[in-house]
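Hi everyone, thanks for making time for this. I'd like to walk you through one structure, so please have it open as I talk.

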Amino acid sequence: MARTDPNAQKLEGIERPFRRLTAYLFDLYRVRLIIVAVCIVVASVASSVGSIFLQQIVDTVITPGMAQGIDAVWETLVRLILTMGAIFATGVLASFLYTRIMAVVTQGALKHMRDDMFDRMETLPLRFFDTHPHGAIMSTYTNDTDAIRQLIGQAIPTLIQSALTIAVVAVTMLSYSVWLTALVALVAGVMVALTRRLGGASARYMVLQQASLAAEEGFVEEMMDGQKVVQVFNHEEAAKRDFLEYNEKLFADSEKANRYGNVLLPVLGNMGNLLYVLVALVGGVMVLRSVPNIGFAGMGVITVGVVVSFLGMVRFLSQTIGQVAMQVPMIALGVAGASRVFALIDQEGEADDGYVRLVRARVGQDGSIESTRERTQLWAWEHPHQAEGTVTYTPLRGELVMEGVDFSYDGEKQVLTGISLWAKPGQKIAFVGATGAGKTTITNLINRFYDIDDGKIRYDGINITKIHKPDLRRSLGVVLQDVRLFTGTVMDNIRYGRLDATDEECVAAAELANADSFIRRLPDGYDTMLTGNGASLSQGQAQLLSIARAAVADPPAMILDEATSSIDTRTEALVQEGMDNLMEGRTVFVIAHRLSTVRNADAIMVLDHGRIIERGSDGELMAAGGKYKTLQDLYAKANDWRVA
């Protein structure tokens, strides 16, 4: 049951995703981000100056003691405390402000990303969804965006603030003592090296963990969709074994990611404690022995205040390096998530060079066709001719011609070869043949879900490559064998065929499809909520809603992928009557699995290995005694009857 995605690497191919992410953020929130940067600088400086005031208090208040007089002591102490309080208050205000702004920036950016992903996804060709597991795509919307949330909202601000804090602390240390700064730099260098090694390893496995999670989610979604098949074939144990493989891979990557991450923080913490002890020892020796001190502020003997200040800065520096170490895996995870998100956004949309549009039309006083905004029963193809600078209007009739059509899905294995057929307005054309003969492929080409390799397809005399795809598909009603109902009311699902349809039109469509009687027996009638792809309905009832949905669209041409194949014989009789009314006056293409449904077709196309080998009416093909008669005889034998 496990599957691999041969094109999955396409979602990993974004170069410099971090640069792309920052550009994306600045395009959306440039002013806010500038304010955030200023606030981070203020907060970083404010949080780093505490050690300076501690040194001042020790050296100018505590050490001299009362020798300078009680008034002078209080005056100096109050001044230092008030100044320090003001600076800390400013830092708190700056931190509060930038965290509030970053909350807006983070959630706003994620909203825009999800909008952009969904907008792009709705333009992608079916080929993309055929080659990418749906669970992996869903993981981009959930896991990857959550990783980006942590990157934008937490990791990047923390990293910037930590870098500024380290810079301020380093300058302060150098101004006090070069010797003690060198000692701190030596140990801090080891801490940074460990962070790069252990944090980098954790980050690599975090990225692998994210990919493993996406693969597992794709498998779980596949199993949920196919749970009935799993149970029918008693495949539960095999499904469990396949899931264990995915889960074992996720466990291995997660365990390694957390192993390195969990080891890193205790190691850094202990090294910080070691550095604290070393600074206390070395600083104490320098004070007791009056070792000459060199600092950017000048030369002299190191004081107790300097050592105490250094101890505070060492503790603060260790905590800051620990914060940076915690963000390394999150940064890698967020960058990898951004790579996949932007890869989805950058996917090439479905190509559409069509310029012929479907418009409402009316017959002018001179008998010509012209466009109108009024609701009329007439539709026409608006065909601009750039060379002449003119526009012509062709009535929408539903005539279709295919000439020498060749097609392959992968450019190598030919699926259709030399397909030629014609359907006049109002005709019913049926396709029959063994599974894999190419019946559904032909209808997919009519809709331009895929483009042909060679040949031509004309719709109302217009090459379909010239027709704007949404307009082409709007003119074609489709009833698929596999019904897809959406979460919403019964009325909403019928109206999906035409969103501006009135309630009365939806009810009329349901009556046409013989669905009205069962709908009115539902708990809330047309207002009954459907969930889980209409799980509360029978397969036949769901198919009736699908037929009603096509009926409300009222297209001039229809494609029926054996719409009655999932309906029992009694229900089929009811549906067939509605279908006959629906098909009246329309061009209809029927993919036939039940050969009993093609008897009244105007023309039957018999396909074999992607070629049309026979064509004609039911009577003509039976009289010819070819492949069609063989299929009918097999069908009659299997069902103990045949339509005469």
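**Aromatic rings, strands and a cavity**

Let's start with Tyr409, which counts as partly exposed, because its relative accessibility is 33% and partly exposed covers the range between 20% and 50%. Before I go on, please keep in mind that this is a predicted model.

Now, which residue does Tyr409 form an aromatic pair with? The partner is Phe407, and the two rings meet edge-to-face, with 4.8 Å centre to centre and 80 degrees between the planes. Phe407 is buried, with a relative accessible area of 1%. So here a buried ring, Phe407, pairs with a partly exposed one, Tyr409.

Let me show you another pair. Phe431 and Phe589 are stacked, because their planes are at 10 degrees, with the ring centres 6.3 Å apart; the cut-off for stacked is under 30 degrees. This pair links distant parts of the chain: Phe431 sits in strand S9 and Phe589 in strand S16, 158 residues apart. Are these two rings buried or exposed? Both Phe431 and Phe589 are buried. In total, the structure holds 10 aromatic pairs, and Phe219, Phe243 and Tyr246 form one aromatic cluster.

On to the strands. Please find the open sheet of 4 strands, in the order S4-S3-S5-S6, with antiparallel pairing. Its edge strands are S4, residues 369-371, and S6, residues 390-395, and each of them pairs on one side only. From one strand to the next, the twist averages 50 degrees. Inside this sheet, S3 and S5 are joined by 5 bridges, and one example to look for is Val359, whose bridge partner in S5 is Ala380.

Next, follow strand S10, residues 454-459. It pairs with S7, residues 400-408, in the antiparallel sense over 5 bridges, and Asp406 has Asp454 as its bridge partner in S10. S10 also pairs with S11, residues 462-463, over 2 bridges, where Arg458 is matched with Asn463. S10 and S11 form a hairpin with 2 residues between them, and Asp460 in the turn has a positive phi of about 55 degrees.

Finally, some empty space. How many cavities of 30 Å³ or more are there? The count is 2. The second largest holds about 40 Å³, and its lining includes Leu445, Tyr450, Ile457 and Thr465. By type, the lining residues divide into 5 nonpolar, 1 polar and 2 charged.

That's my tour, so thank you for listening!

Key. Residues are numbered from 1 along each chain as its sequence is written. This is a predicted model: local features need pLDDT of at least 70, side-chain atom pairs count only at pLDDT 80 or more; totals for chains, interfaces and linings use all residues. Side-chain values use heavy atoms; hydrogens and water are left out. On a 1 Å grid over the protein atoms alone, a cavity is a set of points where a 1.4 Å probe fits but cannot get out, and a pocket is an open set with protein on both sides within 12 Å along at least five of seven lines; lining residues have an atom within 4 Å of a point. Grid points are joined across faces, edges and corners, and a volume is the space filled by probe spheres set on the points. Ala, Val, Leu, Ile, Met, Phe, Trp, Tyr, Cys and Pro count as nonpolar, Asp, Glu, Lys and Arg as charged, and the others, Gly among them, as polar. Two strands pair if DSSP finds at least two bridges between them. Axes are lines fitted to C-alpha atoms, for helices over the stretch in contact, and angles run from 0 to 180 degrees between N-to-C directions. Rings of Phe, Tyr and Trp (its six-membered ring) pair if their centres lie within 6.5 Å; planes under 30 degrees apart count as stacked, over 60 as edge-to-face and the rest as tilted. Buried means under 20% relative accessible area, exposed over 50%, partly exposed in between (1.4 Å probe, protein chains only).
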